[in-house]
Each structure stands twice: as C-alpha cells, then as structure tokens.
Amino acid sequence: MFSSRSRRSTLALAALSLAASTAFAAGEPVIGLVTKTETNPFFVKMKEGAQEEAKKLGAKLLSGAGKADGDNAGQITAMENMIAAGAKTILITPSDAKAIVPAIKKARDKGIMVIALDSPADPPDATDALFATNNYTAGVLIGEYAKAAMAGKTPKIVALDLLPGHPVGAQRHNGFMKGFGLAANDAKSNELSKTPEIACMADSFGDQAKAQTAMENCLQKAPDVNLVYTINEPAAAGAYNALKRAGKEKGVLIVSVDGGCQGIKDTAAGVIAATSQQYPLKMAAMGVAAGVEFAKTGKKASGYVDTGVTLIAGKSVPGVDSKDTKTGAELCWGKK
Amino acid sequence: MAKSPTHHIPWGALGPWLALLGACIFFATQSDRFLTGGNLSLILQQVMVVGVIAIGQTLIILTAGIDLSCGMVMALGSIIMSKFATELGLPVPVAILCGIGVTTLFGLLNGLLVTRIKLPPFIVTLGTLNIAFAITQLYSSSQTITDLPAGLTGLGTTFAIGNAEVAWGSVLMVALYALAWFVLRETGAGRHIYAVGNNAEATRLVGIPTQRVLLGVYVAAGVLYGIASLLSVARTGVGDPNAGQTENLDAITAVVLGGTSLFGGRGVVLGSLIGVLIVGVFRNGLTLMGVSSIYQVLVTGVLVILAVAADQLSRRGAR
Amino acid sequence: MNVVANPKIVMQAKGLVKRYGHVTALDGVDFELREGEILAVIGDNGAGKSSLIKALSGATIPDEGEILLDGAPVHFRNPLDARRAGIETVYQDLAVAPAMTIYENLFLGRELRRPGFLGSVLRMLDKKKMLVESMARMQDLKVGIQSMTQAVETLSGGQRQCVAVARSAAFARHVVIMDEPTAALGVKEGNMVLELIRRVRDRGLPVVLISHNMPHVFEVADRIHVARLGKRAAVLNPKKISMSDTVAVMTGAMTADQLPAEAHA
C-alpha cells in the first residue's frame, strides 16, 4: 500500500495489456472491475462473483483497486490502465463519488460503458447505470427491527460509525435512526443524525480492534447502554468483545449491516441480533452480464437496479419482516 | 525520573510526563468518569499492543534507524499464530512460538539488509512492510480467523484490583518496558546502542562491534513485535489480517512523543510508554466528551510537533 | 630532548610498502619511536604520513615490510589488534559520542562491570567505579574538568580534545598516536592540549604526533620524522634546526645531507 504508484501502474498496465491482447485474439469482451480496496472481504467477494460470471459468459475480467478506502487517484489509474488494455466496460465502486466523475466522463466520451456498483457516483447519472444496494434502506430495516425488539423500553444507544463524512457510513446510520423512529437526516445527507437517545457516538473505521476500543470508551460514558448500532459486522464483533469483557453482553442488542458469512454466523450465535444482508456477488455478476451484452449488441445498461437487501435476524419480532439465519447462510458472501 | 545521563537539562525528559499529566487533568474536568480505576486500567489495556511495538521501535530509533514495517509484521505474527492454532491444530504454545519465530525472522531480515547490504533502514523497512502485508493477506485469504483456543487469548483476561480490571497483557507490557529500561540504562549492550546511534563511526573506532549491535536491535524488535501480535490476538479474540496498518505510524508517533530523537543516541524508553499513554488518553477522553475522532488526529499532530520542538529547544539551551 | 645514551626503541617499522592500485603510498619507509619521547610526523600531502600512521595503528595492512613492538614483530589485522597490543590512537574527529557523558566516553567499549552476580549474569555496569576512575585519570593528567557526568557535547573543542587524549593515555600501555590534535583549536585551547601531551609523555608513554602546525611541532616534539614521497626523508632535532629549513626538507627544496650533523636526531 505504500509502493510507488508509477511503478505499480506500469506493471499493472503491462499485465493488463498482456491479458487483454489474448482476449482480443480470442474475441472475448473485456470488462474492468475497479473496487475500493483489494482486501475488504466485501470487494474480494465482488471480484469472485465477477470472475465466475465472466468465465460463464466467456468474457475477460480485469480487476484493480485503490490502495485504501478513499483513494480516488488509485482508482482513476486502474481505470485508465484497463481502458488502455482494451476494456469496453468499467464496473466501479467509487471511493469518492464526486472526484471520480471527470475520469468517468472521459471514459464515457471514448464510448466506454461505466456502471457504478454498490454506491453511486455524485451525481448518480454520471455513470450509465447503477447496480447498488440501498445503504439507507439497510439502515432502516435494522432500525425497525431494533424498535420492535426493544418493545417500548427507553433506548440508550451507542452508535459505532465508519468515519466522519463518509456517505455509506452516513446512509446506514441515518437509515437506522429513521427506521427506529428518531429524527433523522435523509438519504442524501453525509451528516450523522444525533438525538438524545444516542448516549455515545464513536468512529470504528469498520475495524474490529478499533471498534472494540471505541465501544470500551463508550461504555465508560454510557454504562447502561441497551442498543448498539454498528456500521458493519467486524465492528459488531469488536463491540461484542467489549461488552463481554464488561459482563454486559446479555442485556444489549447489537444490529449491523453486511450479510457476510462470518456476520451471519455471529447472528446465529446471538452476538448480532439482526443484520441487513447485501449482495456484492449479485452486483458484480449483473455488471459483467451487462458488459457482455454491451459488447455483443451495443446496448448499454441504464438506470438504477437495486440488488436488494434482506433483513436477517436470529429471532423474528412481530411487525417486522425478516428471514432466518439459515437463509442468510445460504445467501451470504465470504468464506462459508 | 530525571537522572538520565544523556539529558542534563530536565525539560526534554519531563515534557512527555507533563503533557500526560496535563491531558489527564483536563479530561478529569470534562468527565467524571475519566479518573476512575476502571477507565484508567482500560486505557492501559487499549495501548498494550502499540505499547510493546513501541519498545522495539525505540531501540531501532535510538540507533538512528527506523522501522516502517512494525505493524505489518505484527499482523503477520497474529495470523500465523491463529492459523497454526486453528487450522493446523498445533498446540497453543507451539503456535505462539511459530508466530514469534516469523516476526523474529522479519527482524533478522531487516537487520541483515541494514548491516550486510548496508541499505538505509527507511528503504529496507518500506520494502519489508509491503512484503509482510502481502504474505499476511495471501496466507489468510484476507479472512479474519475466529474461534481461537482459550490459551491463545489468555493474556487478554483480567484480574481485579479494587474496581479496576487489569489485563495480564498490560502487566506484560509494563514488565517489558521495565526490562528494556534496565538493559538500556545499566548494561554495556544498552549503552552501546546509544553510542551507535550517537556516533556510529566512533563506536567502530573504539572497537565496539557496531554491526552486531545493529543486527541485535532489529532482531530484538522482531521478537517484541511477535509478543505484540500475541497481545493483539488476546485483546480482540481474532486473527485479523487488516490489523497493524495504523500501528506503523502510531508506534513511531509514540516514540517521538516520548522524547526520543529520530537522529539517534538520545531518549528514554519509558518516554515511549508515556507516548502511547498520551495517545490512548486523548482517544478515550475525546470519546467521553463526545468529540469527533478527527480532533484526535489533529491533537496528535500538534503534540508531535510540540514534542520535537521542545526537545530541540531544550538541547539548544544546553549550549 | 631526553638525553639518553642508548635510547630504548619502543616501536619500529622497516621497509613498509603500501600500494593502492597504481599509487604507491609507502615506498619502503622506516620508522623508529624511542622511549619517553614525543615524535612528530610531518610531511606534505601525499607524502605518506597518514598511510604510515594507518599501518602503525592497524587501520591498514602493509603489503611489505615489518613492524616491531618492543623488539618483537607484530601483525595488526585491524585497529582492535593494535589496541590490544597497547597502542591507542586519538583520531582527528575524536571518536566520541557527544550525547554521552565524559566518563561513559572514557570507558566506551571497555566498560567496567559490577562484581559478582550483578555483573556476570545481569551484566550491570559499575557506573560509580567508572566515574571515580575517570575523575582520577583526568586529575592525574591535570585536566581541569569538574564533572565527569557532563555530556561531551557541552565541552569546548579543546576540552573535548583533552577527553579524547585522556582516554588514550588511560588505556595505552605502549604508544599513543595523535592525529592533528590541535587542528581547529584556538591559541589558548591549543596550548592546553599541548600541555596535556607533554604530561602524557612525562608519565612514561611515548607519543607519535601528526601535525601540520609547525609552531606546535617545534614547541612540543623531541624529534621530527619528515615523510616525503612515501619514504622517510630525515629525522630532525627541533632544537638544532630552524622551522624554515625543516619545511624545506619536507618540500624537497633541501635534502637531508645538506644539513649539518647536529640537525639530525
């Protein structure tokens, strides 16, 4: 992650050219997938899904990513290399929704089809299409579940968020507030809503160890917490650790978003009460299919396709539609 | 604490203590939960991983070197330990030794590249940083390793002192600091580390085996990173391939905050403990105050500059 | 000059040759150091004086020739060998660790350990003993520094030089070699160092002194070894020859046989 960018992109270009030239020789459609990072299991799964679909449909998949969440320049470089190597479709999960737009426009001007995956560019119509999951809805679902599961108890909430200003973090957080019935910002806002029911808000950076530290500190501030909203399942695991060490894990509800296989296991074990499951594989597969269609018929994909989010809960509560963890385990992404 | 023979003006050595004290007083006024035994022992737990890494980093920086790979090597160690104990089913002590063995090997690699091939430590550890990261991701397939046997996480368990819960890992960290402090202050090997950092050519001319001292420092750091990886596993209960990414700079920050000079030959290892505590206190205190984590980053940056400036000014005043 | 009938020769070199590629730095040079004297080694750049000193202190290994210490041949493979044989060198850049204290620098590389278990198993240093000994050595040589726990970097240039000289004098058993000890020092400090060098000689250690500073050489040396073109051009008596004639021999304007007999030493 600290390696020289120019050296990395030269090697990548060479590799991509080699790959693409063999693709050209065989006449396969070439599709590029640019994720935010290489290492987040969500994107690892996305890449796998894309590769499977590409193999099935006889297309060549090139993949790349930024060095870290928010690395816009790295994504632009990857995109440029893939186009130079012959990709006619780019699938991208934008690290910075606004900053990526000029590069997308340049690509589309060349006739490349660009589809955003998982979250939109800003403005959303900067890309040809969007195959995403609605992070706000994901938050709303777990908010509704939490409200019903609390059954009228006064909520003392700890919110473990991503990091300040991140749209995905804001959407999930605000959706949760909305679903719970508290004053919340709308889906377009990047600001985290806060009401008196939230006793402590801290940043977890989506990392288990940091979430544990954040939860421990919040417990000092709000020892009588009974509900924890977490940005993703690793953060939920960290929060649970902190609660367990303090002996408080029984009386606290933890909700999360992701639907990874480890998270579903945690839900089945009672660590997480409910989680909103998203489908990175589906997004990627749809993207590859669209790319193949474009290469064969010239027809571009358009519009917004919601790849869906399902509420998975260990125990169902009245008034809220949810699926059980068995279903969740079948649909989950990650190591099964 | 001031009788270090390398600082005869106390300000350089006292600075970090004053900063820590000041921070504690400030946060005590902002939240009545800050100064409780439970909260303070919590902070001690939260800093134990970076704290142990910082010991190794201090040794290296004292020789005018630097180690950018420390966090990544620690992550590799924790993946090795976790995988060996779960997938390969090795007994816990063996798995732990393997993890520490791997981190020590990386320390040896760094040391050999610095002493035999004579490459600058910055460049060497920049390279091993990437190598360790890649191996960690590949070997773990970027998946967190869970369901670890209890022996592996033992150091995370706590015992009670009054209403404070102290983790065994924190005790180990403090013990390691005491050991490092003793070696650096009272033994020839420790004084040679300072000498090499202060004037490597001089040590060569007076017959001190300079290359051996340097190699020893990098290997010792490797062992310490291995212990830190065990503490990391103990604290979080998992082997996390994405751990250690911020620990690289956090450890260096702690060493600088503690008053050790990046030019080598000056500093007190206990300062690094104060350095990690300062960062931990701010993180804890700001959360209790409900202040955004961005301010924590800002405060750290300001403190680092103050720490380096204070050290420079105190030494200029000595002339 | 110490007038001795048959002066004992402490260190001797015969026919030393050292080549670096096409360059011959030492071309069969002889060298003789007598008991109880200060021998200055002078010579123009390229005359071979630093190569000679390096061979004597073990920093380089000569290609041909032999070195004798107290009449017995010695072969130094590195500076450590020379040190072990009792030859100490004060280098031009002093080789001190500035941030460390005077007593630590004095004992650098030769630290004393505490007796018994603390010293052998825990390997603890005997700081008090080193402090006391440093104080004693410095007082012996009449160096006027009060506290041994001062950091060397707080000392003036001349005082630092004294620390380096005292270190060599403290541990030398046979010879002390000093490379340009008064260079970069002011008049007062330079004289202080010269006084110290005399005291080292008076305590029984012969001194080899490399210097470009003619007035200092003439002030303190008992004999002067003139190096020229990789050989020894002459050994002169500073009391019986003028500074300008010495410089002439050094540059080759005058040859040794043009000098009167009493000028040789």
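**Exercise 1.** In what order do the six strands of the open sheet in chain C lie, and is the pairing mixed or not mixed?

*Solution.* The model is predicted.
- Step 1: reading across the open sheet of chain C gives the order β6-β7-β8-β3-β9-β10, and the pairing is mixed.
- Step 2: β6 (87–90) and β10 (231–236) of chain C each pair on one side only, which makes them the edge strands.
- Step 3: on average, neighbouring strands of this sheet are turned by 20 degrees against each other, with direction ignored.
- Step 4: helix α9 (residues 243–251) of chain C packs on the sheet, where it touches β3 (38–43), β9 (223–228) and β10 of chain C. The direction of α9 makes about 30 degrees with that of β9(C).

**Exercise 2.** Describe how strands β7 and β8 of chain C are joined.

*Solution.*
- Step 1: β7 (residues 175–179) and β8 (residues 207–210) of chain C run parallel, with four bridges between them.
- Step 2: for the register, Val208(C) in β8(C) has Ile177(C) opposite.

**Exercise 3.** Classify the packing of helices α3 and α4 of chain B.

*Solution.*
- Step 1: a pair of packed helices is described by the angle between the axes and the distance between them.
- Step 2: for α3 (residues 48–62) and α4 (residues 70–86) of chain B the angle is about 130 degrees, and the axes are 11 Å apart.
- Step 3: roughly perpendicular covers 65 to 115 degrees and roughly antiparallel begins over 145; α3(B) and α4(B) are therefore oblique to each other.
- Step 4: the crossing of α3(B) and α4(B) is right-handed.
- Step 5: α3(B) brings Ile53(B), Gly56(B) and Gln57(B) to the contact, and these meet Cys70(B), Gly71(B) and Met74(B) of α4(B). By class, the contact has three nonpolar, three polar and no charged residues.

**Exercise 4.** Describe the side of chain A that touches chain B.

*Solution.*
- Step 1: chain A puts 25 residues into the contact and chain B 27 residues.
- Step 2: on the side of chain A, two or more residues each come from α2 (41–57), β7 (198–203), α7 (208–221) and α8 (233–245). The largest share, 10 residues, belongs to α7(A).
- Step 3: this side of chain A divides into 10 nonpolar, 10 polar and five charged residues.

**Exercise 5.** Describe the side of chain C that touches chain B.

*Solution.*
- Step 1: the contact involves 22 residues from chain C and 20 residues from chain B.
- Step 2: on the side of chain C, helix α2 (residues 79–84) gives the most, with three residues.
- Step 3: by class, this side of chain C has 13 nonpolar, five polar and four charged residues.

Definitions and conventions. Residues numbered from 1 in each chain as written. Chains lettered and ligands numbered in written order. Predicted model: local features only at pLDDT ≥ 70, side-chain atom pairs only at ≥ 80, totals over all residues. Contact = placed C-beta atoms within 7 Å. Nonpolar A, V, L, I, M, F, W, Y, C, P; charged D, E, K, R; others polar. Pairing = 2+ DSSP bridges. Axes fitted to C-alpha atoms, helices over the stretch in contact; angles between N-to-C directions. Parallel < 35°, antiparallel > 145°, perpendicular 65-115°, else oblique. Left-handed = near helix turned anticlockwise from the far one by under 90°.
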